[in-house]
Amino acid sequence: MEDRLGKKDDYVTDEERFRVLVEHVSDWIWEVNENGIYTYASPQIKDILGYSPSEVIGKTPFDLMEPMEAKRIAPVFEYHLANTLPIKSLENINLHRDGHEVILETSGSPIINLEGKCIGYRGIDRDITLRKQAERRQQLLDIIEASPDFIATLDKNGNSLYYNPAARRMLGDNSGSGEANQSWLTDVIKLEGIPTAIEKGHWKGETTILQEDGEAIPVSQIIVAHKSEHGEVEFLSTIAHDITERKELEKVVYHQAHYDSLTNLPNRRLLHYKLSQLIENPADHQRFAVLFMDLDNFKEINDNLGHEIGDQLLIMMAALLKNCVEETDFVCRYGGDEFIIMLENIRTEEEAKVKAGQILEALAEPFQLDGYSLNVIGSIGISMYPNDGSDFAALIKKADNAMYRIKRTGKNNFLRDN
């Protein structure tokens, strides 16, 4: 029997042994000529890329790649070919017959003929897609864990599934666990964007995160819906970026643009906006009054005692005017020693005149400033909306004209110019 078996083994050629070996390894064995054209492909290409060996014979590896990937890999192959160098673990992305990406690790050796010329390459391709995907998932997780932004996952009802460390720190939880209390997310962050994210795939907006101590942190938030192959939402993820500094800067910029730097009263820009809003969106039968006030003897005080005293007097004047009106009323430094008071919900001209009289009466008490007792008088012109005008310019002009009439006829009084 041994003789017969030995005799049988004599008939197994080296070529047959090589073929059996090649056809039973899980990797794809290939051979290309000096032009990179496949002259051989083992059957495993079917499992890896979905093609039969006969379908790739005559093609090049670059025919199985996206154009950009082929453009990246082609110079590498040409360099190795020109220098007769072996290819070692070259990672490249190929397209499966059904269109999905397959990441291969390519190794090969040059084929040298008797004249010492490289006439092609013989090598092996290993499918490393799952390994690379796992590496990328780990890299993504590392990035998420290291991110300074609030990152969380949640189900369709807003129940929390995961928080990254930054999110836990922001919420005041230092347990070190990514497991999230199921009620946390809906309790601490507004998720009005969930329905939109589910419908459209994503939502973006600004909201706040409520910390454990009750402090609200302004954030820029995005919610992304992750769907299955059938289009069903499986879970959602949210990223929220702390925009506290930006919001504080916006407040500073807004304040500088809309408030007087000396008295901290609204300036004429904010007055224009406020007045326009009242005119464009009036309540039923709403009326309001505009009082234009100028300090009659401010220039004399300013010239005699200096600008520093003058500035302090304007600051004190701003405080006096605010104390004379209701919280719903509006006091503005219009410029220099001119102030505008807008009285909301005034029903009659008489009510406006009463308020003007109260302001002048408050001025009868001298200002005590740096050892000086300063008597300040003022003139007030009144206009009424809508009787005296239906726009900003008309109302201001009407009150301004009335104020100057008072100045010409004795000062320290008020008037509505009919």
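**An internal cavity, backbone exceptions and a nonpolar patch**

One cavity of 30 Å³ or more was counted in this predicted model. Rolling a probe the size of a water molecule over the atoms shows where empty space is left. The largest cavity has a volume of about 210 Å³. Its lining comprises 16 residues, of which Trp 30, Pro 61, Ile 73, Phe 77 and Thr 106 are the closest to the centre.

Several secondary-structure elements contribute to this lining. At least two residues each are supplied by strand β1 (28-33), helix α5 (67-82), strand β3 (87-95) and strand β4 (101-112). Among the contributors, β3 provides the largest share, with four residues. In terms of residue class, the lining of the largest cavity consists of 11 nonpolar residues, four polar residues and one charged residue.

The backbone was examined next. Most residues other than glycine have a negative phi, and most peptide bonds are trans. Against this background, the peptide bond from Tyr 385 to Pro 386 is cis, with omega near 10 degrees. Pro 386 is located in the loop that runs between β16 (378-385) and α15 (392-408).

A positive phi was found at Thr 84, where the angle is about 50 degrees although the residue is not a glycine. Thr 84 belongs to the loop between α5 and β3, and both of these elements also supply residues to the lining of the largest cavity. With a relative accessible area of 35%, Thr 84 is classed as partly exposed, because this class covers values between the limits of 20% for buried and 50% for exposed residues.

Lys 411, likewise not a glycine, has a positive phi of about 65 degrees. This residue is placed in the loop between α15 and β17 (414-416). Helix α15 also borders the loop that holds Pro 386. The relative accessibility of Lys 411 is 38%, and the residue therefore counts as partly exposed.

On the surface, Leu 249, Val 252 and Val 253 make a nonpolar patch of about 260 Å². Of these residues, Val 252 lies in helix α10, which spans residues 244-258. Val 252 counts as partly exposed because its relative accessibility is 42%. This value also satisfies the requirement that residues of a patch have over 30% relative accessible area.

Notes:
Residues numbered from 1 in each chain as written. Predicted model: local features only at pLDDT ≥ 70, side-chain atom pairs only at ≥ 80, totals over all residues. Heavy atoms only, no water. Patch = residues over 30% accessible without salt bridge, like charges linked within 9 Å, V, L, I, M, F, W, Y side chains within 5 Å. Areas by Shrake-Rupley, 256 points an atom, 1.4 Å probe, with all protein chains shown as cover. Salt bridge = Lys/Arg side-chain N within 4 Å of Asp/Glu carboxyl O. Buried < 20%, exposed > 50% of the residue type's maximum accessible area, 1.4 Å probe, protein only. 1 Å grid on protein atoms, 1.4 Å probe; cavity = no way out; pocket = protein on both sides within 12 Å on 5 of 7 lines; lining within 4 Å. Points joined across faces, edges and corners; volume = space filled by probe spheres on them. Nonpolar A, V, L, I, M, F, W, Y, C, P; charged D, E, K, R; others polar.
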